[in-house]
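Trainee: I would like to go through this model with you, strand by strand. Where do we begin?

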Amino acid sequence: MISHRIPAAIALLLGAAVVAGCGASPAPQRVEILIHYSHFSPAEVTVPHGVPVTFVLVNEDAIAHEWLIGDAAFHERHRTGTEPAHGERPDEVSVSALSSAQTTLTFDEPGDVVFICHFPGHEAYGMVGVLHVT
Amino acid sequence: MRRLISLVAATTALLVFAGPTLGCAGLIGPNGAVNLLRTTTFAGYHDGVEHYVTSFAFAGGEGEFGSLVPLPDVPTKVERGGDWTLQRLNIETEPQLFLAADAARVGAAEAQVLLEVRIDALDITILRGGGAEVGAWATEHGFRLPPDAPEVLDFYANRSPIFLAAVFDADAAAERGQAVGDGTPVHLTIPTDDPWVPLRILALGKTEADIVEADVYLLTDHRPGLLPAPGSAFGPNGLELAHSGKANDLLLDDLRSDAGMEWIPDSAWLTKVRVNGSAADITFDLAIDPEGGAPSLADAGFLPYGPTPAPWATPRAWALLAFALALPLLAAWFAASVIRGRESPPLAGA
């Protein structure tokens, strides 16, 4: 009985290893960003490329904010944008007062991207952060 | 007099906000950058009661404007202010103004509404709550708070969780025939042991380089102690002592004859503090000791109650203090050296 079980166990282990190896995907990451007194904390975040990252945005302020992440052209567009709220796209998140929101993004290439709140006056007040993608 | 009233724009300021909250930049609504002119307030303190008079000016436009005013304590009465108190004080100290006049919740409790009053085109609500509660209340009532609001509201709520929220209905003001620059004076009666006048709120929503201008009149039984102490000219704190002297009988009689001002005593000290500093510098309030003593750090909102060290706690002040302390020691050392020199024996061979 035992002699039958050992090869079966080995086969099961080998099979599991093969399956794991074939479907190897990096574990998703979770980054919590606090919004307090109209500032992001941390304002500098590092994540690996090619890995889904879930950003949890916790707004402790009694005013609404937004978290928009992208390149320079993206931000320039939002500086003069007219959208009253965001939520359709994972890189544009509105966070109501005293609430939290989350979004998941995967960055394919290493590099830096900036996240900003584009409510009037908020960027100038310092509501800017940098995401380093390694 | 009416002409004078409209010219001498006794305006209040504590900014703010109107219209729906909009995402993305460049969407400050027509009322977003409130054109509040110079702020004038009057704080009279007598028999343990502060009488706070300020004026909410109609700056034109449409819709609703909002203002938040932090208070040192709970008012027992909010009423329309007299017609000429602020103007009369202005004339007393600056007669030249006749010529120069220009015009998923993270969690917070709800703010408690203590009092609601309608005065002309103003809806006034007295609130009790922390910064988050009052901010949430304001947001829910259509106020568009600027990004520094959470910190500034906490700055006040940590010392006194009482706020006045005023919503100015510009349409109603226009219907009432109020012209741009006309103010609605509001008189608050506030029993308190710790009178102070909010200054930091005047910088709310401004950039660091923006200038905050205000005139603050104080009427106290004695020459008051002030913190920070205004200088004879504008100093680093942006305050100037523009007037300080015993109030004359004519002024007191004039003030007493205005509506709601019968409390004016027979004898008082009139102080005028002019504020003219950058928003980055006005990070404190004006604390008052009506008896002439030293006001508290808490009432002025200096460290640890606010972001700025007290005037005597800055490096420069410490250096001056060290020099002042060292001066007598140096003098004593010098005197001792001279005396020793006189007492020492003549040099050999002399």
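**Strands, core and confidence**

Mentor: Begin with one pair: A:I116 stands opposite A:V128 in β9(A). Strands here are DSSP runs of E, at least two residues, helices are runs of H or I, at least four residues, and both are numbered from the N terminus. This is a predicted model: local features need pLDDT of at least 70, side-chain atom pairs count only at pLDDT 80 or more, and totals for chains, interfaces and linings use all residues. Residues are numbered from 1 along each chain as its sequence is written, while chains are lettered from A and ligands numbered from 1 in the order in which they are written.

Trainee: How many bridges join β8 of chain A to β9(A)?

Mentor: Strand β8 covers residues 111-116 of chain A, and the two strands run antiparallel. Two strands pair if DSSP finds at least two bridges between them. Here the number of bridges is 6.

Trainee: In which sense do β3 and β9 of chain A pair?

Mentor: Strand β3 spans residues 44-47 and strand β9 residues 128-133, with 4 bridges between them. A:V45 stands opposite A:L131 in β9(A). The sense of the pairing is parallel.

Trainee: Which are the edge strands of the open sheet in chain A?

Mentor: The sheet has 5 strands with mixed pairing, in the order β3-β9-β8-β5-β6. Its neighbouring strands are turned by 20 degrees against each other on average, direction ignored; the axes are lines fitted to C-alpha atoms, for helices over the stretch in contact, and angles run from 0 to 180 degrees between N-to-C directions. An edge strand pairs on one side only, and the two here are β3 and β6 (92-95).

Trainee: What is the bridge partner of A:W67 in β6(A)?

Mentor: Strand β5 (residues 65-70) of chain A runs antiparallel to β6(A), with 4 bridges. In β6(A), the partner of A:W67 is A:V93.

Trainee: Which residue stands opposite A:V56 in β7(A)?

Mentor: Strand β4 (residues 52-59) of chain A pairs with β1 (residues 29-36) in the parallel sense over 7 bridges. β4(A) also pairs with β7 (residues 100-106), in the antiparallel sense and over 7 bridges. Opposite A:V56 in β7(A) stands A:Q102.

Trainee: Which strand of chain B gives the most to the largest nonpolar core?

Mentor: A nonpolar core is a set of buried Ala, Val, Leu, Ile, Met, Phe, Trp, Tyr and Cys residues joined through C-beta atoms within 7 Å. Buried means 20 or more other C-beta atoms within 10 Å of the residue's own, exposed 12 or fewer, partly exposed in between, with C-beta atoms placed from the backbone. The largest core has 94 residues, and B:F163 and B:L286 have the most contacts inside it. With 7 residues, the strand that gives the most is β7 (residues 162-169).

Trainee: Where in chain B does pLDDT stay under 50 with 0 contacts beyond four places in sequence?

Mentor: pLDDT is the predictor's confidence in each residue, from 0 to 100, and chain B averages 79. Residues 1-37 of chain B are below 50 too, yet have 121 contacts beyond near neighbours in sequence; a contact means C-beta atoms, placed from the backbone, within 7 Å. Where pLDDT is low, the predicted coordinates should not be read in detail. The stretch with 0 contacts is residues 346-350.

Methods:
Two residues are in contact if their C-beta atoms, placed from the backbone, lie within 7 Å.
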